[in-house]
Amino acid sequence: MAEAVEKLKSTIEALEKRVHELEGRLTGKSQAPAASGNVNDGMRLILIGPPGAGKGTQAPKIKDKYCVCHLATGDMLRAQVAAKTDLGRQAKKIMDEGKLVSDEIMVGMIQNELDNNKECQNGFILDGFPRTVPQAAKLDSMLSQKRSPLAHAIELQIPDSLLVARITGRLVHPASGRSYHKLYNPPQKSTTDDVTGEPLIQRSDDNEGVLKKRLGTYHEQTGPVVDYYREKGIWKGIDASKEPGEVWKSLLGVFEGGSKASAGQGGLLGKLGLSK
């Protein structure tokens with residue numbers, strides 16, 4: 001019986017390798033076998049978390065370590081509008097009318113970055129999108145067409161009660177989006193960005209009253225999105241109430257551990273319960 005199972009495993013692995021080779025010929029690209037073990041093969045992720053959960057602290061670390069792009073959709077939208085691109089002009093017209101920018105335009109901006117931003121060649125981090133299930137479905141459709149599906153949907157989890165202290169002490173570098181905290185992650189020089197030396201600001205909406213309203217909206221919107229990615233098998237919850245260094249270790253555990261197991265768990269062997 002054991003010998004038959006091992007023979008079946010070998011046959012399936014050979015078939016998967018052959019499928020990758022044929023896909024590479026069809027697309028004109030050389031494709032490595034699924035068991036390559038390259039972490040960046042799966043470094044396509046979204047960061048989910050309420051304001052103050054630490055996305056602005058962890059995303060730059062992921063970007064620097066794995067040489068991927070960080071797409072904060074709010075910053076991306078403002079950049080497109082400032083550059084007066086076609087998408088930016090469409091978005092500005094809608095915003096000037098007091099309306100919300102459509103999901104199609106937002107997905108188009110993300111696709112534009114993935115197609116033209118060299119930093120996105122090794123993967124990407126999406127921050128601030130999707131916020132609804134329809135947005136998640138449109139994003140999945142676009143990424144599927146590019147043959148670059150999401151590998152991780154990571155939720156930074158933290159009780160609402162702990163967020164007040166975090167938010168009211170937060171400092172932000174407007175140009176880059178880098179964030180600091182007066183107590184938990186202070187800049188080297190008070191109210192000054194470590195990289196540029198430019199002044200840091202405290203956002204006008206970083207107060208307890210506004211925070212509670214934002215958290216209510218966040219939970220209402222994000223719960224179904226988390227369920228959506230959990231059903232797809234790519235969701236992972238991280239305890240974000242810990243110190244930033246501990247949260248970073250937990251993230252590395254997802255990326256590094258996931259890369260070693262990805263071939264067996266994500267392939268046909270995993271689906272058959274035969275992964276090694």
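## A first look at the chain

Among contacts in the chain between residues at least 6 apart in sequence, what percentage join residues at least 24 apart? In this predicted model, the share is 70%. That is a good starting point for getting to know the fold, along with a few overall figures.

The chain has 276 residues, and 38% of them count as buried. Its secondary structure consists of ten helices and seven strands. About 15600 Å² of surface is exposed, with carbon and sulfur atoms supplying 52% of that area.

## Two nonpolar cores

Let us go inside. The largest nonpolar core is made of 33 residues, and the ones with the most contacts within it are Ile 46, Leu 71, Ile 110, Leu 114, Leu 139, Leu 150 and Tyr 229. At least two residues of this core come from each of β1 (44-48), β2, α3 (73-83), α4 (86-96), α5, β3, α6 (133-145) and α8. Helix α5 gives the largest share, six residues.

Leu 150 is a handy residue to click on here. Setting aside neighbours within four places in sequence, Leu 150 is in contact with Arg 44, Leu 45, Ile 46, Phe 124, Leu 139, Asp 140, Leu 143, Tyr 229 and Ile 234. There is also a second, separate core, which has 23 residues; Ala 53, Tyr 66, Leu 211 and Phe 255 are among them.

## A single disulfide

How many disulfides does the structure hold? There is one, and it joins Cys 69 to Cys 120 with an S to S distance of 2.1 Å. The torsion about this S-S bond is about 105°, so the disulfide is right-handed. Cys 69 sits in strand β2 (residues 69-72), while Cys 120 belongs to the loop between α5 (103-116) and β3 (124-127), so the bond ties together parts that are 51 residues apart in sequence. Both Cys 69 and Cys 120 are buried.

## The annotated lid and helix α7

The unreviewed UniProt entry carries the annotation "domain: Adenylate kinase active site lid" for residues 170-205. In the model, this span is 0% helix and 17% strand, and its end C-alpha atoms lie 11 Å apart.

Just before this span in the sequence comes helix α7 (residues 160-168), where Leu 163, Arg 166 and Ile 167 are buried. Viewed down the axis of α7, these buried residues fall within an arc of 90°, so they line one face of the helix. Their packing partners are β5 (170-172), β6 (179-181) and α8 (208-232).

## Residues listed as a binding site

Under "binding site", the unreviewed UniProt entry lists Gly 52, Ala 53, Gly 54, Lys 55, Gly 56, Thr 57, Arg 170, Ser 179, Tyr 180 and Lys 242. Two of the listed residues make a good pair to explore: Arg 170 lies in strand β5, and Ser 179 in strand β6.

Is Arg 170 buried or exposed? With a relative accessible area of 12%, Arg 170 is buried. Leaving out residues up to four places away in sequence, Arg 170 touches Pro 51, Gly 52, Ser 179, Tyr 180, His 181, Ile 201, Gln 202, Arg 203, Asp 206 and Arg 214. Ser 179 is buried too, at 15% relative accessible area. By the same rule about sequence neighbours, Ser 179 touches Gly 56, Thr 57, Arg 170, Leu 171, Val 172 and Asn 185.

## Backbone details worth a look

Most residues other than glycine have a negative phi, and most peptide bonds are trans. Against that background, a few places deserve a visit. A cis peptide bond, with omega about 5°, joins Phe 129 and Pro 130; Pro 130 is in the loop between β3 and α6.

Cys 67, in the loop between α2 and β2, has a positive phi near 55° and is partly exposed at 49% relative accessibility. Thr 191 also has a positive phi, about 55°, although it is not a glycine. Thr 191 lies in the loop between β6 and α8 and is partly exposed, with a relative accessible area of 40%.

One more stop is Pro 60, found in helix α2 (residues 55-66) and partly exposed at 23% relative accessible area. The C-alpha atoms of Pro 60 and Gly 177 are separated by 9.4 Å, although these residues are 117 residues apart along the chain.

Technical notes. Residues numbered from 1 in each chain as written. Predicted model: local features only at pLDDT ≥ 70, side-chain atom pairs only at ≥ 80, totals over all residues. Heavy atoms only, no water. UniProt positions renumbered as here; feature names shortened; annotations may be inferred. Helix = DSSP H or I, 4+ residues; strand = E, 2+ residues; numbered from the N terminus. Buried < 20%, exposed > 50% of the residue type's maximum accessible area, 1.4 Å probe, protein only. Arc of directions from axis to C-beta. Contact = heavy atoms within 4.5 Å. Disulfide = S-S within 2.5 Å. Core = buried A, V, L, I, M, F, W, Y, C linked by side-chain atoms within 4.5 Å. Areas by Shrake-Rupley, 256 points an atom, 1.4 Å probe, with all protein chains shown as cover.
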